[in-house]
Amino acid sequence: MAATAVAVTVVVVVVVAACDVTPAVTLPFPPTAAPTTPPQPLGPAASALAALPVKGRAPKTGYARAQFGPAWADTDHDGCDQRNQVLGRDLTFVVKRGRCIVVTGVLHDPYTDTSVPFIRGALTSDDVQIDHVVALSNAWQTGAQALDVYQRELIATDPLNLLAVNGPTNQSKGDGDAATWLPPAKGYRCAYVARQVAVKTRYKLWVTPAERAAIARVLTDCPAQALP
C-alpha cells in the first residue's frame, strides 16, 4: 500500500512538472522593408509645369484675333514681319526676295516628321503655315484677356510661340490645347508641350486641369525635358 502511494506521488510530481514547462513560442520575423528609390528631380519643363496655376477655362466671350494686335506685326522692329521671320528661321534652302520675304524653301515639319516644300503663291503658301503653339483662343481663355493689348500682341508674335508647320495638320489642331490635340509625330510631343509650358510661364497664363494632366503624361516619357 505504501509503495502504491509512492508511485502515485511520483506520477503526480511528473505530471505537475510537465504542466509547468512553458512551450517554445516561434514568432514570425518582421517583414523586410523594400528598398525605396529616392524621387528623381524634375526636369526644367516638368518643374515649370508644376509652378503654373491650375484653373478652369474662362469664357471665350470677347475673343477676337484683333485682341492680339495686327497679324504678324513686326514687334521686334527689325523691318521684317514675324511670318517671314519664322519661315526664314524654320525652313532650309531658303530663297528670299529682298531682305525679308521668303519665296521658296523646304520645311521639315516637326508635327508630322515629313518634308514640305514651300512656294509662295495664292495656291501654295498655305502648304506651310505658322502655328501659334499656344493658340490665341486658348491664351485668351487662360489669362490673356486680363493682359493689355501690347502684351497680347507679344504672345501672338513671340518667336517662342511660333512654328512653321504643315498647313493641313495645323488646321486639324485648330485652337486645341494638349488635352485635345498633340502632334501626330510622337517623337516631337515632349518638345511641343515644353514649348507650351514655356509660353504660359513667360506670359503668366494658367493651365486647365485636363491640360495639365495631358502635359504631365507626355513628360513622363521625358522627365528631363528642357524648356526651349
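Before the pocket itself, a definition: helices (H or I, at least four residues) and strands (E, at least two) are DSSP runs, numbered from the N terminus. With that in hand, the largest share of the lining of the largest pocket, 5 residues, comes from strand β4. What we are looking at is a predicted model, in which local features need pLDDT of at least 70 and side-chain atom pairs count only at pLDDT 80 or more, while totals for chains, interfaces and linings use all residues. Residues are numbered from 1 along each chain as its sequence is written, and side-chain values use heavy atoms, with hydrogens and water left out.

Let me stay with the pocket. On a 1 Å grid over the protein atoms alone, a pocket is an open set of points where a 1.4 Å probe fits, with protein on both sides within 12 Å along at least five of seven lines, and lining residues have an atom within 4 Å of a point. Grid points are joined across faces, edges and corners, and a volume is the space filled by probe spheres set on the points; by that reckoning the largest pocket holds about 400 Å³ of space. It is lined by 18 residues, and the closest to its centre are Q129, I130, H132, N170 and Q171. At least two lining residues come from each of β4 (128-132), α4 (136-141) and α6.

Helix α6 (residues 167-173) also contains K173, so where does the side chain of K173 reach? It reaches the backbone oxygen of H132, at 3.1 Å, where a polar contact is a pair of N or O atoms within 3.5 Å, and within protein one must be able to donate a hydrogen and the other to accept it, residues adjacent in sequence counting only if both atoms are side-chain atoms. K173 is buried, with a relative accessible area of 4%, buried being under 20% relative accessible area with a 1.4 Å probe and protein chains only. Not counting residues up to four places away in sequence, K173 touches Y111, D131, H132, V133, W181 and Y192, contact meaning heavy atoms within 4.5 Å.

Turning to two other helices, I begin with α2 (residues 44-51), whose buried residues are A45, A46, A48 and L49. Seen down the axis of α2, these residues fall within an arc of 160°, so they line one face of the helix, the arc being that of the directions from the helix axis to the C-beta atoms. Among the elements that cover them are α7 (189-202) and α8 (209-219). In α3, the buried residues include Q82, R83 and N84, together with V86 and L87, and their cover includes β1, β2, β3 (114-119), β4, α5 (149-157) and β5 (162-166). At the start of α3, a side-chain oxygen of D81 comes to within 3.0 Å of the backbone nitrogen of R83.

Finally, the disulfides, of which the structure holds 2, each a pair of cysteine sulfur atoms within 2.5 Å. C80 and C100 form one of them, with their sulfur atoms 1.8 Å apart. This pair links distant parts of the chain, 20 residues apart, with C80 in the loop between α2 and α3 (82-90) and C100 in the loop between β1 (91-97) and β2 (101-109). The torsion about the S-S bond of C80 and C100 is about -65°, so the disulfide is left-handed, and both C80 and C100 are buried. C190 and C222 form a disulfide as well, with sulfur atoms 2.0 Å apart. C190 lies in helix α7 and C222 in the segment after α8, so the pair ties together parts that are 32 residues apart in sequence. Here the torsion about the S-S bond is about -105°, so the disulfide of C190 and C222 is left-handed, and both cysteines are buried. With bonded cysteines counted along the chain, the disulfides follow the pattern 1-2, 3-4.

Terms used
Buried < 20%, exposed > 50% of the residue type's maximum accessible area, 1.4 Å probe, protein only.
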